[in-house]
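The exercises below are meant to be worked with the sequence and the three-dimensional view side by side. Try each task before reading the solution that follows it.

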Amino acid sequence: MSVVGAIMVPHPPIILPEVGRGEEAAIRKTTNSYKAAARLVKELAPDTIVLSSPHQIMFNDYFNIASGNGAKGSMSRFRAGSVKFQVDYDQAFIRELCTLAEDGGLPAGTLGQRDPDLDHGAMVPLYFIRKAFPEFRLVRLGLSGLSYEDHYRLGRMVQETAEKLDRRVVFVGSGDLSHKLKEDGPYGFVEEGPEYDERIMDVMGRAAFDELFDFSESFCNKAAECGHRSFLIMAGALDGKALETRQLSHEGTFGVGYGICTYTVTGTDPSRRFLLKAEERKRDRIQASRNAEDVYIKLARKTIETFIRDDRIISLYSDLSDIAPDGLPAELTERQAGAFVSLHKNGVLRGCIGTIQSTKYCVAEEIIANAISAATRDPRFPPVGKQELEELDISVDILGPTERISSPAELDVKKYGVIVTKGRRRGLLLPNLDGVDTVEDQIFIAKQKAGLDPDEENVTLERFEVVRHECHM
């Protein structure tokens with residue numbers, strides 16, 4: 001046997017009558033769809049349910065697979081302690097999945113489990129499923145900060161494990177959509193919120209899982225979704241399968257998106273093996289981005305790759321023939337300026353280090369020093385590994401002179417960076433950054449970087465302009 005079907009479901013605790021106490025009536029459509037999805041699980045009669053949840057323990061570079069004989073849980077933190085759960089794990093499935101991950105070089109397993117209890121991302125789906133079909137064993141998967149492709153690979157390994165152990169498996173992809181659909185919602189509104197919900201429901205409603213890879217992580221972060229990676233694992237579990245797909249419902253009554261779709265496997269379909277297509281498109285994007293990079297970015301990239309791979313610092317005079325056959329332009333070798341080098345991976349910050357004023361004898365040397373620091377010495381991140389080099393987006397900001405200003409009214413988040421100073425404490429924030437939309441946000445973050453209280457008023461403000469060199473995948 002193999003994976004025989006899947007359901008995409010949200011996990012709002014309020015949908016449980018014991019929690020909602022009548023408020024669940026406002027999302028009746030979601031409740032009815034949930035019951036229909038549970039009936040499908042009953043019809044498919046799985047031996048094992050594999051469930052991915054964004055609220056299980058999550059590591060940046062590792063997939064946690066819940067271990068042990070089973071797990072318990074209750075909805076007590078949602079004032080419904082009478083709603084209790086106890087499930088048995090499919091231990092043989094867990095062992096085989098861990099073995100496949102190890103053999104396939106995918107960082108996944110049972111290490112690092114801190115809280116064995118069921119999370120609400122698991123309990124809400126199980127509430128509906130066990131009413132319709134109580135006899136099953138469970139496998140729980142956490143998400144990670146790894147790539148979309150790695151999430152899909154984990155799903156493919158679920159399918160392979162099911163086939164190897166001759167299990168009938170239903171996959172449950174637990175995840176809410178955007179949390180920012182309404183101004184009066186618990187998380188407010190951003191325009192990316194409704195856009196994400198519309199796009200994801202279209203993609204999942206068509207089972208066009210190859211398009212899941214086209215959602216940038218920065219877009220998903222702005223939309224404040226929590227289910228995208230869960231859906232990618234589910235898509236991997238359905239890799240190469242012909243599907244009967246039903247989009248049951250979508251609601252955003254409380255300002256958070258709840259979407260439900262079901263998938264019944266009807267056979268095989270080699271055209272639905274999406275990982276190779278995704279990897280090819282990614283390689284094409286990377287190559288197009290590399291071709292469009294200017295000499296500033298090429299210098300930073302060459303510096304980082306040489307330092308990470310060869311453990312040495314490049315020379316301006318003997319290592320740059322491939323990126324500057326006629327030598328670096330004078331603007332890099334004959335002037336001085338502060339410079340910041342920023343690294344992003346899959347649209348998310350991976351490192352950023354810079355200098356406010358020049359510390360080297362030329363801009364090129366400034367970029368070299370700060371590129372190495374951004375890749376290896378940013379205290380917020382581990383050093384960049386060799387396997388990450390191809391996935392890095394790099395930008396270089398060359399700073400203009402600083403200018404003291406008398407009030408925040410002289411700032412513009414798109415045009416000016418800001419420096420906040422009090423005594424020996426100093427914090428800088430570059431202009432035109434994702435997620436920094438107001439001057440108030442800009443000053444708040446700069447104060448944090450300076451180690452100052454956000455309410456501190458007796459600070460000196462300076463502004464500066466930058467020339468940004470960037471080219472995103």
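**Exercise 1. Find which residues have the most contacts inside the largest nonpolar core, and which helix gives the most to this core.**

Solution. The coordinates come from a predicted model. Begin with the core as a whole: the largest one has 93 residues, and those with the most contacts inside it are Met-75, Leu-118, Leu-141, Met-204, Phe-209 and Tyr-263. Helix 4 (residues 120–132) gives the most to this core, contributing seven residues. Next, follow Met-204 outward: leaving aside its neighbours within four places in sequence, Met-204 is in contact with Met-8, Phe-209, Leu-212, Phe-231, Met-234, Thr-245, Cys-261 and Tyr-263. A second, separate core of 35 residues can then be located, and Leu-320, Ala-324, Ala-375 and Val-384 are included in it. As background, nonpolar side chains in soluble globular proteins tend to be buried together.

**Exercise 2. Establish the strand order of the six-stranded open sheet and identify its edge strands.**

Solution. Reading across the sheet, the order is 7-2-8-1-10-9, and the pairing is mixed. The edges are strand 7 (137–142) and strand 9 (241–251), each of which pairs on one side only. From one strand to the next, the twist averages 15°. To examine one pair within the sheet, take strand 2 (residues 48–53) and strand 8 (residues 169–174), which pair in the parallel sense over five bridges; here Ser-52 stands opposite Gly-173 in strand 8.

**Exercise 3. Determine which side chains of strand 4 are buried, and describe how this strand is joined to strand 5.**

Solution. Walk along strand 4 (residues 70–75), where the side chains alternate: Ala-71, Gly-73 and Met-75 point to one face and are buried, whereas Gly-70, Lys-72 and Ser-74 point to the other and are not. Met-75 is also among the residues with the most contacts inside the largest nonpolar core. Turning to the partner, strand 4 and strand 5 (residues 80–88) run antiparallel and are joined by six bridges, with Gly-70 standing opposite Asp-88. The two strands form a hairpin with four residues between them, and Arg-79 in the turn has a positive phi of about 60°.

**Exercise 4. Decide how helix 10 and helix 12 are oriented to each other, and list the residues that make their contact.**

Solution. First, consider the axes of helix 10 (residues 295–310) and helix 12 (residues 363–376), which come within 9 Å and cross at roughly 50°. The two helices are therefore oblique to each other, and helix 10 passes helix 12 in a right-handed crossing. On the side of helix 10, the contact is made by Tyr-296, Leu-299, Ala-300, Thr-303, Ile-304, Phe-307 and Ile-308, while helix 12 supplies Val-363, Ala-364, Ile-367, Ile-368, Ala-371, Ile-372, Ala-375 and Thr-376. Of these, Ala-375 is also included in the second core.

**Exercise 5. Decide whether Glu-279 is buried or exposed, and name its contacts.**

Solution. Glu-279 lies in helix 9 (residues 274–292). Because its relative accessibility is 18%, Glu-279 counts as buried, the cut-off being under 20%. Leaving aside neighbours within four places in sequence, Glu-279 is in contact with Glu-149 and Arg-153.

**Exercise 6. Describe the four-stranded open sheet and the helix that lies across part of it.**

Solution. The strand order is 14-17-15-16, with antiparallel pairing, and the edge strands are strand 14 (403–405) and strand 16 (425–429). The twist averages 25° from one strand to the next. Helix 13 (residues 439–450) lies across strand 15, strand 16 and strand 17, running at about 135° to strand 16.

Terms used:
Residues numbered from 1 in each chain as written. Predicted model: local features only at pLDDT ≥ 70, side-chain atom pairs only at ≥ 80, totals over all residues. Heavy atoms only, no water. Pairing = 2+ DSSP bridges. Axes fitted to C-alpha atoms, helices over the stretch in contact; angles between N-to-C directions. Core = buried A, V, L, I, M, F, W, Y, C linked by side-chain atoms within 4.5 Å. Buried < 20%, exposed > 50% of the residue type's maximum accessible area, 1.4 Å probe, protein only. Contact = heavy atoms within 4.5 Å. Parallel < 35°, antiparallel > 145°, perpendicular 65-115°, else oblique. Left-handed = near helix turned anticlockwise from the far one by under 90°.
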